[in-house]
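This report describes a predicted model. The sections below take up its metal site, its aromatic residues and its nonpolar cores in turn.

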Amino acid sequence: MLKLNEQIYKAIRRHGEETYPHECCGVLLGRSADDINEVEDAIRAGNTRTDSAHNRYHIAPQELVKIQRQGRERGLDIVGFYHSHPDHPAQWSTTDFAEAHWLGCSYVITAVEKGVAQQTNSFLLTGPTEEEKAFADEPVAVEQQSDSLHHAAGPEVERCR
Ligand SMILES: [Zn+2]
């Protein structure tokens, strides 16, 4: 399960609206325990795929290392990544799968239609090794400001504001 507060959830979705019609991408820092990836912060990353930024995303290795180091200084690990799909469903593509290498991390995708964020889904990269990796639909729990938990069942649940 991916757990994050409403503020971070909205920031991820807003990022996709801001970069539309291009993809946005970023890194999720937090803590991982008992099959729960709890997000403490979402770090925006530059999309280095300027050649086709509308359908691919990529975070520069140097930038990733920097984000990881800054996270560790705060006691946080990389627990996931997010990007947007401009005018495409919030489902992972074959490229997304091929470029996913962080086992146990959550890959969050927000569909942005005509500049407005729609569905946000999360996929957990599972498997004992890179060769046997797979994406699994992952529930997203958005913590409301009132501290009560709102559990969303999965991709079929509409969670627009
Ligand atoms: Zn994608």
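## Zinc site

The zinc ion is held by the NE2 atoms of His83 and His85 together with two OD contacts from Asp96, at distances of 2.0 to 2.4 Å. The angles among these four donor atoms run from 56 to 155°, and the site is accordingly classed as irregular. Four donors would count as tetrahedral if all angles lay between 85 and 135 degrees, a range that the angles of 56 to 155° at the zinc ion do not keep to.

Along the chain, the donor residues follow the spacing H-x1-H-x10-D. Because His83 belongs to strand S4 (residues 77-86) whereas Asp96 belongs to helix H3 (residues 94-98), the pair ties together parts that are 13 residues apart in sequence. Both His83 and Asp96 are buried.

## Aromatic residues

The model contains seven aromatic pairs. In one of them, Tyr107 and Phe135 meet edge-to-face, with 5.4 Å from centre to centre and 65° between the planes. Tyr107 lies in strand S5 (residues 106-113) and Phe135 in strand S7 (residues 134-138), so this pair ties together parts that are 28 residues apart in sequence. Tyr107 has a relative accessibility of 5% and therefore counts as buried, and Phe135, with a relative accessible area of 13%, is buried as well.

Ring pairs link Tyr107 and Phe135 into a cluster with Phe81, Trp92, Phe97, Trp102 and Phe123. Phe97 also has a charged neighbour, since the charged end of Lys133 sits over the ring of Phe97 at 4.9 Å from its centre.

## Nonpolar cores

In soluble globular proteins, nonpolar side chains tend to be buried together. In this model the largest nonpolar core has 19 residues, and those with the most contacts inside it are Val27, Ile59, Leu64, Ile78, Phe81, Tyr107 and Phe135. At least two residues of this core come from each of strand S2 (25-33), helix H2 (61-73), S4, S5 and strand S6 (116-126). Phe81, Tyr107 and Phe135 thus appear both among the residues with the most contacts in the largest core and in the cluster linked by ring pairs.

When residues up to four places away in sequence are not counted, Val27 touches Asp41, Ala42, Ile43, Ile59, Leu64, Ile67, Ile78, Gly80, Phe81 and Tyr82. Tyr82 is among the members of a second, separate core of 13 residues, which also includes Leu4, Tyr9 and Ile12.

Key: Residues numbered from 1 in each chain as written. Predicted model: local features only at pLDDT ≥ 70, side-chain atom pairs only at ≥ 80, totals over all residues. Heavy atoms only, no water. Donors = N, O, S within 2.8 Å, 3.2 Å for Na, K, Ca; no water. Tetrahedral: all angles 85-135°; square planar, octahedral: opposite > 155°, others 65-115°. Helix = DSSP H or I, 4+ residues; strand = E, 2+ residues; numbered from the N terminus. Buried < 20%, exposed > 50% of the residue type's maximum accessible area, 1.4 Å probe, protein only. Phe/Tyr/Trp six-rings, centres within 6.5 Å; stacked < 30°, edge-to-face > 60°. Lys NZ or Arg CZ within 6 Å of the ring centre and 35° of its normal. Core = buried A, V, L, I, M, F, W, Y, C linked by side-chain atoms within 4.5 Å. Contact = heavy atoms within 4.5 Å.
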